[in-house]
Amino acid sequence: MIVERLEQIYAIAQHRAGYSAEEDAAHELAAGWMREAGLDVSVDDAGNLFGKRGAPRVWAGSHLDSVPTGGRFDGALGVVAAIEAAARLPEAPLAVVAFRAEETGPMGSKRLAELPDAYLELHIEQGPVLASLGEPLGVVTAIAGQARGFRVFEGRADHAGTTPMDRRDDALVQAAKFVLHVRECAGEGTVATVGSIEVEPNATNVVPAKVTVSVDARSADAKLLDALVEELDFELQWRSDPVPMGDAFAAILPDAPRLVSGAGHDAMFVPGSSLLFVRSLNGGVSHHPDELSSAEDIALAVDALTAALARLVS
Ligand SMILES: [Zn+2]
């Protein structure tokens, strides 16, 4: 049933942008499933969709928008699984939520007016770690903090044919050393990436005069993140703190591996959040039609979500 529902959401459109007609259609579909599960449907000022029973202090859900190249599981899995868990707990006072526009902000969860005691989110890992461990589920201990910025290297433009090698001041050679340096510095509790590079004048026959490279550094440990930013000595454009996650899933899955989420999620913005990852197959590919979790792994995840919700509402 969960896999069929994910297929129905995907059939609306692969790209369901935040606040688009496609996202609206997905919310409408989910609203129908919420009613079937015995939940009262409502929408807040930010357009977030709720299916509530009683006076809920405990929420579960995720988002239904997607990126242009999106797959079937990112976001939608968390909403569909929460509706299924609510159906399995027909007496429990709880709420299922579909946040608006996660991929662009996240805009819905940031604008949340009402705050729960606990928010549980099930999400596809979007990475290869659980598959490499041979584990179906992983308990997320924290969402990594991020630091983004850039670094500029200045050299001198010269003729690529007439300037001897020992007379050059090549900005791209400096930048290349920096890219390797970034790779060497990251790794112990951190990740860092140079994902964008701008070369001036960017001509085949001119020694590069100026190069600007982006830097994206992440860690679940604020001190490690700050130390890395200092070591890489780049121009910081913005920085977010790591967000520790709650232990609602850890209580149900004491032996599941613990991991850090390198990607942002709605759970960052909702107090009392706990996040559970489901193994990504196909090498962890995400934001892509090949994104995949198995029906078996999803069944285990829904069992865990149901147990965690039952424990919190009892
Ligand atoms: Zn997502």
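**Strand β14 and the α1–α3 helix pair**

Strand β5 (residues 118-124) runs parallel to β14, and six bridges join the two; strands count as paired when DSSP finds at least two bridges between them. Helices (H or I, at least four residues) and strands (E, at least two) are DSSP runs, numbered from the N terminus. The model is a predicted one, in which local features need pLDDT of at least 70 and side-chain atom pairs count only at pLDDT 80 or more, while totals for chains, interfaces and linings use all residues. Residues are numbered from 1 along each chain as its sequence is written, and side-chain values use heavy atoms, with hydrogens and water left out.

Strand β6 (residues 137-143) is joined to β14 by four bridges and runs antiparallel. V278 in β14 stands opposite I124 and also opposite L137. Six of the six residues of β14 (residues 273-278) are buried (under 20% relative accessible area, 1.4 Å probe, protein chains only), so the strand is largely enclosed by the rest of the structure. In a regular strand, side chains alternate between the two faces of the sheet. Here both faces are covered, with S273, L275 and F277 buried on one side and S274, L276 and V278 on the other.

Turning to the helices, α1 (residues 2-12) packs with α3 (residues 76-88) at an angle of about 135 degrees, their axes 10 Å apart. That angle makes α1 oblique to α3, meaning that it is neither under 35, nor over 145, nor 65 to 115 degrees. In this packing, I2, R5, L6 and I9 of α1 meet A76, L77, V80, A81, I83 and E84 of α3, with contact meaning heavy atoms within 4.5 Å.

Technical notes. Buried means under 20% relative accessible area, exposed over 50%, partly exposed in between (1.4 Å probe, protein chains only). Axes are lines fitted to C-alpha atoms, for helices over the stretch in contact, and angles run from 0 to 180 degrees between N-to-C directions.
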